[in-house]
Structure formats: C-alpha cells, structure tokens
Amino acid sequence: PTSAFSLVLLPPFCLSCITALGLPQHTHPLSLPPSLSLPFNICNSFGPLQTHFTFSHTPPAFSVGAVIHLFLSILASSLLPSLSSAPPSAASEDPAPPLPESDELLNKFVCKNNGVLFENQLLQIGIKSEYRQNLGRMYLFYGNKTSVQFVSFSTTLNVQTKTVEPLVEGGAQVQQVINIECLTDFIDAPLLNIKFRYGGALQNISLKLPVTINKFFQPTEMAAADFFQRWKQLSQPQQEAQKIFKASHGMDTEVLKAKLLGLGTALLENVDPNPENYVCAGVIQTKAQQVGCLLRLEPNAQAQMYRLTLRSSKDTVSQRVCDLLAEQF
C-alpha cells in the first residue's frame with residue numbers, strides 16, 4: 001500500500017550516498033545492524049544548550065508504503081530547551097499516539113526545511129534538512145529548556161539503533177542525524193517517539209517527521225509549448241488531482257511564489273496565458289522511478305479562492321502533492 005513505508009537500516013553509513021549529497025562524513029557513526037531498513041535521513045542544529053544524553057531506538061511496527069532507506073547516526077551535542085514537570089505517575093511505557101497537532105506541525109515544513117518542529121515548557125525539537133535527487137539528510141536537535149536533567153532519554157524512529165547516553169543535562173542539546181533515500185513514492189510520514197523522565201514523571205511524545213514526497217522534487221524548466229503539450233498528454237482522469245478551496249492566508253504574490261519554489265518545483269514564468277496564474281514543473285526522484293509532475297494554481301482574488309490542479313504520471317503522486325500544497329494557502 002502507498003501508505004506504508006518499508007524501512008531499511010543500512011550498515012554504519014552509505015558513503016556513496018553521503019558523497020553524492022556533498023555532505024560532511026561523520027567519523028564516529030554508530031554500528032548498525034545490516035538487516036534493518038529505514039526510509040529517510042535527517043540533520044539539524046539548534047539553539048544554544050549543552051548536555052549529553054543517550055538515545056534508545058526500538059523497532060515499532062512501521063508500515064509506510066514509500067520506501068526510504070534511513071542511515072542513522074546519533075551524536076551527543078549541546079543545547080536545547082526543556083519540558084514542564086509533572087508529578088510521578090505510572091504512565092505507560094508504550095509509545096504515545098501522535099499528538100493531535102502532528103499533521104499541522106508537519107504541514108509547516110512542506111515548503112521549508114529548517115525550523116522548530118515542536119516546543120513545550122520542557123523540550124524543543126529543531127530540524128535542519130537538505131535533499132538532492134532521491135537522497136536527503138536531516139538533523140534533529142533535542143533541547144532541554146529546563147535546569148533539571150532529563151533521565152532515561154530515548155527516541156524511537158521505526159528502526160532499531162544502539163542506545164546513546166540516556167542523560168540530558170538541563171540547558172543541554174542532543175543531535176540526531178538521519179540520512180534518507182527515497183525508494184518509491186509514499187504518503188505517510190515516519191513517526192518519531194521521544195521518552196524521558198523529568199522530575200520522576202514520564203514524558204512520552206510522538207510526532208510525525210516532516211519527510212514528505214515533495215522533498216524529492218527536482219525542478220524542471222519548460223517552455224510554454226512543452227508545458228502544455230505535456231499537460232495534454234497527462235489527460236487521463238487518474239493522472240489529475242484538483243482542489244478548489246478558500247484562501248486561508250493573504251494572497252500576496254511574493255508569498256505564493258516563495259511557497260511554490262519551496263515545494264521544490266520550478267516556477268515557470270510567461271507560460272500560462274493568464275498572467276494571474278502560476279504554473280510549475282518538477283520530477284520526483286525515487287530509486288524505483290522518476291515521476292514527472294505539472295502544477296497549475298489559479299487564484300481568484302475577488303472570491304478569495306484557489307483552484308489547484310496537479311497532473312503526474314502516477315495518480316498517488318498527483319493526489320498527495322495536491323493535498324500537501326492545498327494546506328499551504
């Protein structure tokens with residue numbers, strides 16, 4: 001099913017992938033079991049905190065149709081804010097269900113790669129990521145905002161990894177690095193579970209990692225004739241996804257352009273006969289195949305409405321990109 005990931009955790013590091021990304025190589029990667037598999041990669045560095053703690057990863061039942069290989073290494077760093085305290089309780093050690101706002105938090109990263117994914121009184125989680133073709137790297141930064149230690153700190157990311165120092169000092173930050181390879185198109189994002197004890201009380205948080213199919217777009221420049229020729233070729237009903245919706249934000253031209261570029265596609269100028277419309281083109285790169293995608297956004301400033309149309313050679317891609325982008329306007 002397109003809603004399931006096939007996670008594969010590769011041995012210490014895939015140097016060819018790192019080289020292809022042009023990213024620095026870590027000299028002390030974790031030794032990972034060769035039989036496990038993950039769907040993506042992460043990198044980030046955030047705010048000023050310092051501490052040392054350990055990660056513990058246990059393999060949850062993760063079924064995500066997109067296949068992304070995940071090469072994982074965890075680094076102890078410094079920095080990060082804290083969470084709020086609560087009286088000790090016999091809370092379940094099972095991973096908590098995703099937070100109600102998980103989809104909203106994920107949607108904030110559809111058109112951007114860096115920022116704060118989650119923050120409460122105790123903890124801040126920052127993300128910094130970059131993608132090239134079907135490869136990516138994401139940095140996760142866990143920051144203790146309090147002056148009290150986080151004890152038994154652990155994370156679970158749909159794969160099994162070696163544990164790290166389980167103590168996060170007050171005001172300290174820990175960094176986790178994930179290298180990602182997209183094997184095929186997907187819908188569901190991987191789940192990240194963080195558990196630790198603060199003042200004796202178990203803190204148990206689950207979030208969706210902002211790894212979405214559009215992160216693997218390669219922008220494609222096209223002349224007007226080529227665009228509309230290809231548009232007509234993608235005329236089968238299953239190749240198109242369309243949404244008509246009310247604007248949730250201002251219809252500022254520069255903001256719209258920035259979001260379309262942030263999606264990962266090329267914004268094509270002087271292509272649509274209506275200068276008020278926006279057209280884009282890109283190819284989603286996966287290991288299994290390349291999926292060409294064309295986009296047309298038609299704003300109606302008077303009615304404060306949009307019509308968004310996606311056409312691609314794969315129906316699941318058209319629908320998923322349309323759903324993701326419609327939440328941005």
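Two rings of Phe, Tyr or Trp count as a pair if their centres lie within 6.5 Å, and a pair whose planes are under 30 degrees apart counts as stacked. With that rule in hand, we can turn to the structure above, which is a predicted model, and a search through the whole of it finds 12 aromatic pairs.

A good place to begin is Phe-150, whose ring takes part in a pair with the ring of Phe-153: the two centres are 6.3 Å apart and the planes meet at 10 degrees, so this pair is stacked. Both of these residues, Phe-150 and Phe-153, are buried. Phe-150 also forms an aromatic pair with Phe-196, and here the distance from centre to centre is 4.1 Å while the angle between the planes is 25 degrees, which again makes a stacked pair.

Which parts of the chain does the pair of Phe-150 and Phe-196 tie together? Phe-150 belongs to strand E7, which covers residues 150–156, whereas Phe-196 belongs to strand E10, which covers residues 191–198, so the pair joins parts that are 46 residues apart in sequence. Phe-150 has a relative accessibility of 0% and therefore counts as buried, since the cut-off for that word is a relative accessible area under 20%. Phe-196 is likewise buried, with a relative accessible area of 0%. Looking beyond the single pairs, one finds that ring pairs link Tyr-142, Phe-150, Phe-153, Phe-196 and Tyr-198 into a cluster.

A ring can also have a charged side chain as its partner, and an example is found at Phe-109, where Lys-112 lies over the face of the ring at 5.1 Å from the ring centre.

From the rings we move to helix H5, which runs through residues 315–326 and therefore has 12 residues. From its first C-alpha to its last, H5 reaches 17 Å, which is close to the 16 Å expected at 1.5 Å a residue. Is this helix mostly covered or mostly exposed? H5 is mostly covered, for 9 of its 12 residues are buried, among them Val-317, Arg-320, Cys-322 and Leu-325.

Cys-322 leads to a last topic, the cysteines. A disulfide requires two cysteine sulfur atoms within 2.5 Å of each other, and by this rule the model has 0 disulfides. Cys-322 is accordingly in no disulfide, and the nearest cysteine sulfur, which belongs to Cys-293, is 9.4 Å away. Cys-322 is buried, with a relative accessible area of 0%, and Cys-182 is also buried, with a relative accessible area of 0%.

Technical notes
Residues are numbered from 1 along each chain as its sequence is written. This is a predicted model: local features need pLDDT of at least 70, side-chain atom pairs count only at pLDDT 80 or more; totals for chains, interfaces and linings use all residues. Side-chain values use heavy atoms; hydrogens and water are left out. Buried means under 20% relative accessible area, exposed over 50%, partly exposed in between (1.4 Å probe, protein chains only). Rings of Phe, Tyr and Trp (its six-membered ring) pair if their centres lie within 6.5 Å; planes under 30 degrees apart count as stacked, over 60 as edge-to-face and the rest as tilted. Helices (H or I, at least four residues) and strands (E, at least two) are DSSP runs, numbered from the N terminus. A charge sits over a ring if NZ of Lys or CZ of Arg is within 6 Å of the ring centre and within 35 degrees of the ring normal. The expected span of a helix is 1.5 Å times one less than its number of residues.
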